[in-house]
Amino acid sequence: MWKALASLWTPAFVFYRGYRLPPRELRGSMCGEAFRSEDFFLQSAVVEATRLPARLGYTAASRLVDVGCGLGRLATGMLVEFGEVEYFGLDANSKFVDWCRKHIEHHHPSYRFVHYDVVNEMYNPLGTVDGDSIRLPVVSGSADIVYMWGVFTNMGPEHVQIYLAELARIARNGGRIFLTAFVEDDVPEVSFNPAGYVPFDCSYPLTVVRYSKPYLFSLVTRFGLAVEDFRYHGGMFPKQSEIYLTKVERVSTN
Ligand SMILES: C[S@@+](CC[C@H](N)C(=O)[O-])C[C@H]1O[C@@H](n2cnc3c(N)ncnc32)[C@H](O)[C@@H]1O
């Protein structure tokens with residue numbers, strides 16, 4: 001009986017190579033099967049953190065906002081790479097944010113996490129904030145870097161447009177924005193759970209939202225953001241392409 005009970009018990013965290021990671025089940029529910037491996041989760045976290053100085057001009061003084069921070073993967077990588085630096089993450093899923101606060105922020109108070117109760121059919125279907133009332137809890141023009149891995153991948157075009165406007169609002173002039181998305185040429189502007197596109201189950205609404213590149217890029221520029229670089233990854237796991245943006249400085253004509 002004890003064995004049966006033990007198999008039902010889920011630890012609050014996994015201590016791995018000196019770092020607290022979310023339990024395996026929680027990791028799988030957020031990012032997919034590959035992330036159930038401790039090694040993969042931690043290595044991918046470090047890869048994301050090293051992207052910051054390598055591609056986004058990050059220094060220890062940078063004000064960084066992690067939109068859709070999930071289970072603190074980037075934060076964990078930043079702890080490994082940079083130690084006790086300032087970090088701010090927000091997410092629509094209260095369970096993920098609770099985990100981050102308890103197991104990251106509590107031990108490393110310069111890492112802060114906030115739940116933002118915006119509706120998302122996949123991650124927060126009962127969310128109370130929607131449409132025009134969406135306003136990220138970040139001061140305008142305050143962010144040097146906005147990071148958003150795997151969020152537009154599960155977001156319809158109405159929210160993508162609102163979020164692009166919000167990214168443009170919170171980034172400082174010349175600020176850098178990194179995001180990933182399912183992007184292809186020669187596909188409809190938007191496709192929800194397109195058949196045969198990914199090798200995993202798409203039974204939840206918004207499991208995969210795929211955009212045509214010209215359409216997504218036209219939205220980006222509409223909100224005063226310039227595409228600095230695009231790395232296509234549609235042909236391999238995890239199929240999310242990388243998009244690097246800069247907030248264009250608006251020159252006053254007066
Ligand atoms: C695939 S996970 C990626 C998590 C994290 N960025 C990472 O790289 O590990 C997507 C995350 O985005 C969050 N999310 C989805 N829609 C959101 C929204 N509108 N605003 C903020 N977070 C959102 C989900 O709750 C989930 O934690």
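**Exercise 1. The start of helix 3**

Task: In this predicted model, find which backbone nitrogen a side-chain oxygen of Ser-37 reaches at the start of helix 3.

Solution:
- Go to the start of helix 3 and take Ser-37.
- Its side-chain oxygen comes to within 3.3 Å of the backbone nitrogen of Asp-39.
- A polar contact needs a pair of N or O atoms within 3.5 Å, so the distance cut-off is met.

**Exercise 2. Length, bend and end of helix 3**

Task: What span does helix 3 reach, where does the helix kink, and which residue follows?

Solution:
- Helix 3 covers residues 38-56, which is 19 residues.
- From first C-alpha to last, helix 3 reaches 26 Å. At 1.5 Å a residue, 27 Å is expected, and the span is close to that.
- The kink sits at Thr-50 and is about 25°. Pro-53, a proline, comes shortly after.
- Gly-57 follows the helix, with a positive phi near 70°.

Task: Which residues of helix 3 are buried?

Solution:
- Apply the cut-off: buried means under 20% relative accessible area.
- The hydrophobic names to find are Phe-41, Leu-42, Ala-45, Ala-49, Leu-52 and Leu-56.
- Add Glu-38, Ser-44, Glu-48 and Arg-51, which are also buried.

**Exercise 3. The two sides of helix 5**

Task: Why do the buried residues of helix 5 line one face?

Solution:
- Helix 5 spans residues 94-105. Its buried residues are Phe-96, Val-97, Trp-99, Cys-100, His-103, Ile-104 and Glu-105.
- Look down the helix axis: these residues fall within an arc of 160°, so they line one face.
- Check the other side of helix 5: Lys-95 and Lys-102 are exposed there.

**Exercise 4. The ligand and its surroundings**

Task: Which residues come nearest to the ligand, and which polar atoms lie by its nitrogen atoms?

Solution:
- There are 18 residues around the ligand. Gly-68, Arg-73, Asp-91, Trp-149 and Tyr-163 come nearest.
- Start with Tyr-163: an N or O atom of its side chain is 2.7 Å from a ligand nitrogen.
- Ala-92 places a polar backbone atom 3.3 Å from a ligand nitrogen.
- Asn-120 has a polar side-chain atom 3.4 Å from a ligand nitrogen.
- Finish with the cover: on its own, the ligand has 590 Å² of accessible area, and the protein covers 98% of that.

**Exercise 5. Placing Gly-131**

Task: Where is Gly-131 found, and how many residues along the chain separate Gly-131 and Gly-18?

Solution:
- Gly-131 sits in the loop between strand 5 (111-115) and strand 6 (143-148).
- Its relative accessible area is 24%, so Gly-131 is partly exposed.
- Gly-131 and Gly-18 are 113 residues apart along the chain. Their C-alpha atoms are separated by 42 Å.

Definitions and conventions:
Residues numbered from 1 in each chain as written. Predicted model: local features only at pLDDT ≥ 70, side-chain atom pairs only at ≥ 80, totals over all residues. Heavy atoms only, no water. Helix = DSSP H or I, 4+ residues; strand = E, 2+ residues; numbered from the N terminus. Expected span 1.5 Å × (residues − 1). Bend = angle between axes of the 7 residues up to and from the residue. Buried < 20%, exposed > 50% of the residue type's maximum accessible area, 1.4 Å probe, protein only. Polar contact = N/O pair within 3.5 Å; in protein donor to acceptor, adjacent residues only side chain to side chain. Near = heavy atom within 4 Å. Areas by Shrake-Rupley, 256 points an atom, 1.4 Å probe, with all protein chains shown as cover. Arc of directions from axis to C-beta.
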